[in-house]
Amino acid sequence: MLRAKEYIIEKVLFLCALITILTTIGIILVLSIEAVIFFSEVSIIDFVTDTQWTPLFTKKHFGILPLLSGTMLTTLIAIAVALPIGLSIAIYLNEFSPKGFRKSIKPLLELLAAVPTVVYGFFALMVVTPFLQMIIPGLSGFNALSAGMVMGIMIIPFVTSLSEDALFAVPKSLREASYGMGSTRLQTSFNVTVPAASSGIIVSVILALSRAIGETMIVAIAAGQQPRLTFDPTVPIETITAYIVQVSLGDVQHGTLEYRTIFAAGITLFIFTFILNNISFFIRKKYQQRYE
Amino acid sequence: MEKTAAYRKDVYKIEAIDVNAFYGQFHALKGINLGMEENAVTALIGPSGCGKSTFLRLFNRMNDYIDEFRMKGQIRIDGNKIYNSYIEVEQLRKYVGMVFQKPNPFPKSIFDNVAYGLRIQGIRDKKLISERVEKALKQADLWSEVKDNLKKSALALSGGQQQRVCIARTLAVEPSIILMDEPTSALDPISTARIEDLIFQLKTEYTIVIVTHNMQQAGRLSDKTAFFYMGELIEHGPTKELFTNPKHDRTENYISGRFG
């Protein structure tokens, strides 16, 4: 009786694990099949070299570069905001703040990640953009700059949380060695602790990058819907994710070439985040055990 | 803290006057009075938890960062009260270097490890830095082994070599006092012997205070020995005397290996 029960529970647990694997395989399969059909009609060389993306117009171009540049632009702005702020917070919490403060501020910080992204998008469009327009007069209502900045704020907890863990894992003996030679706390954190935690910090940045690349709502709301190959942050652009939203919600007929563009865009996105996640996994595995 | 400032030959190099230390409610050091002479090796011995490491770490104010740590009394170095508010801790620690229990080189090259203390002082002169690094590595008896591999990571060295990098790193800052907290407890006998030889050479130029669990080591190396038990200084005096003719039973029991 007991054995039968054990057997059933074991199989149920196995099924649960199987579901996640099957889902992943399913997603990859659907993406690949639709993308293969798409690439049988559109040359892959055009896809990666054409500088225009106009699948919904009469004169169709299928160059992914404008969407890619839009994604990269907003992501870079986001990281430029999140890395210095997130890392500074991590260093402060770990090296300088009183213990009680660290305990109460960390959950608050993680609350930033719990804000629905649609709220961030709205915030970017209605608050940040008007504010930036006072400083930069030529700024369009939709632009990569404010979307990227708000996205940066959103990913601060990713950078801080993982960097903080990495800094925390640096052995006390290294800090003491540095203090023992007369370094100040600031010198110790910049010359010893941060370099010793660098692999963890890099991992945190990569995961934050991959989160920013996949982020949809903020860019769909605040960055615009105009795919263009530019690195000018003041004009409307379109990211891969925003394009997928646009087509999914629009009146493009299912099964058409126009519709399949979202799978081609989706697989491009998937490849990028997949590579980034693997790099971070590799770094973590390679450097993790150094101090154990 | 210059060597000349308030320096009088007739006082001890390091002097603890009525020192009490607490971790929260725990009374870790109870009314310690002890003087340590210049260019001599003073060994602090006693069973685990007796307060000897806490005592050692008072001399470079290494306990300052521990929450709930409090201390009363005075520590004087060269006659200066080092717990006065006008003392800059960073300056003090350049004058009072420290070598730790486990070799703890930075995850940097051998050269960068030894140059670290100089660079944080703002020294940028490359020629000066490499001269001081070479001198320190020679003093630490490591130069001949690593002179062709200075760019190699210090973590790739053996435990004994790592500890000598740590000693060189401390020497490069040109301290006057070196504190050693069980510097050989993580090392094999051969590496230990080399470090002991090194300490013997260093004492002509430096004042050394060493915490050790190893009675033979204390006997071989030190000029003076102080025995701690349960936060109290039970006995201190010239090493030979303390080992051959201890005044207290506790001391005798400990050094003869009956407890500890």
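# A walk through the model

Trainee: Which residues point one way from E3(B), and which point the other way?

Mentor: Keep in mind that what we're looking at is a predicted model. Whichever way they point, all of these residues are buried. B:Val41, B:Ala43 and B:Ile45 go one way, and going the other way are B:Thr42 and B:Leu44.

Trainee: How many residues of strand E3 of chain B are buried?

Mentor: This strand covers residues 41-45 of chain B. It is largely enclosed by the rest of the structure, because the buried residues number 5 of the 5.

Trainee: Which strands does E3(B) pair with in the parallel sense?

Mentor: Try strand E8 (residues 207-211) of chain B to begin with: it pairs with E3(B) in the parallel sense over 4 bridges, and B:Leu44 stands opposite B:Val211 there. Then look at residues 224-229 of chain B, which pair with E3(B) over 4 bridges, also parallel. In that pairing B:Ala43 stands opposite B:Thr225. So the strands you want, given the bridges found, are E8(B) and E9(B).

Trainee: In the open sheet of chain B with order E2-E1-E4-E5, which are the edge strands?

Mentor: That open sheet has 4 strands, with antiparallel pairing. An edge strand here pairs on one side only. The strands that fit are E2 (26-36) and E5 (80-81) of chain B.

Trainee: And what is the bridge partner of B:Ile14 in E4(B)?

Mentor: Look at strand E1 (residues 14-23) and strand E4 (residues 69-77) of chain B, which run antiparallel and are joined by 8 bridges. In E4(B), the partner of B:Ile14 is B:Ile77.

Trainee: B:Asp78 has a positive phi although it is not a glycine; is it buried or exposed?

Mentor: Most residues other than glycine have a negative phi. B:Asp78, in the loop between E4 and E5 of chain B, has a positive phi of about 50 degrees. The cut-off for being buried is 20 or more other C-beta atoms within 10 Å. B:Asp78 has 23 of them, so it counts as buried.

Trainee: What does B:Asn39 count as, with its C-beta neighbours inside 10 Å?

Mentor: B:Asn39 is found in the loop between E2 and E3 of chain B, and it has a positive phi of about 50 degrees although it is not a glycine. There are 14 C-beta neighbours inside 10 Å, so B:Asn39 counts as partly exposed.

Trainee: Over to chain A: how many helices and strands does its secondary structure come to?

Mentor: Reading along the sequence, you meet the pattern α-α-α-α-α-α-α-α-α-α-α-α. The C-alpha atoms of chain A fill a box of roughly 75 × 70 × 35 Å along the principal axes. The count for chain A is 12 helices and 0 strands.

Trainee: How far apart are the C-alpha centres of domain 1 and domain 2 of chain A?

Mentor: The domain assignment gives domain 1 as 2-41 and domain 2 as 69-223 + 271-291. Between their C-alpha centres the distance is 33 Å.

Trainee: Which helices are among those covering the buried residues of H11(A)?

Mentor: In H11(A), the residues A:Ile240, A:Thr241, A:Ala242 and A:Tyr243 are buried. Among the helices of chain A that cover the buried residues are H3 (65-96), H9 (198-214), H10 (217-222) and H12 (257-287).

Trainee: How far apart in space are A:Ile240 and A:Leu65, C-alpha to C-alpha?

Mentor: A:Ile240 sits in helix H11 (residues 240-249) of chain A, and it is buried because 27 other C-beta atoms lie within 10 Å. Beyond its neighbours within four places in sequence, its contacts include A:Leu67, A:Leu68 and A:Thr71. A:Leu65 is 175 residues away in sequence, yet in space the distance is 9.8 Å.

Trainee: Which helix gives the most to the side of chain B that touches chain A?

Mentor: The contact takes 20 residues from chain B and 16 residues from chain A. Helix H2 (89-95), strand E6 (96-99), helix H3 (110-120) and helix H6 (159-172) of chain B each supply at least two residues of that side of chain B. With 4 residues, the one giving the most is H2(B).

Trainee: Where in chain B does pLDDT stay under 50?

Mentor: Chain B averages a pLDDT of 91, and 95% of the residues score at least 70. Where pLDDT is low, the predicted coordinates should not be read in detail. In chain B, the stretch under 50 is residues 1-8.

Terms used. Residues numbered from 1 in each chain as written. Chains lettered and ligands numbered in written order. Predicted model: local features only at pLDDT ≥ 70, side-chain atom pairs only at ≥ 80, totals over all residues. Contact = placed C-beta atoms within 7 Å. Domains from an automatic or database assignment. Buried ≥ 20, exposed ≤ 12 C-beta atoms within 10 Å, placed from the backbone. Pairing = 2+ DSSP bridges. pLDDT = per-residue confidence, 0-100.
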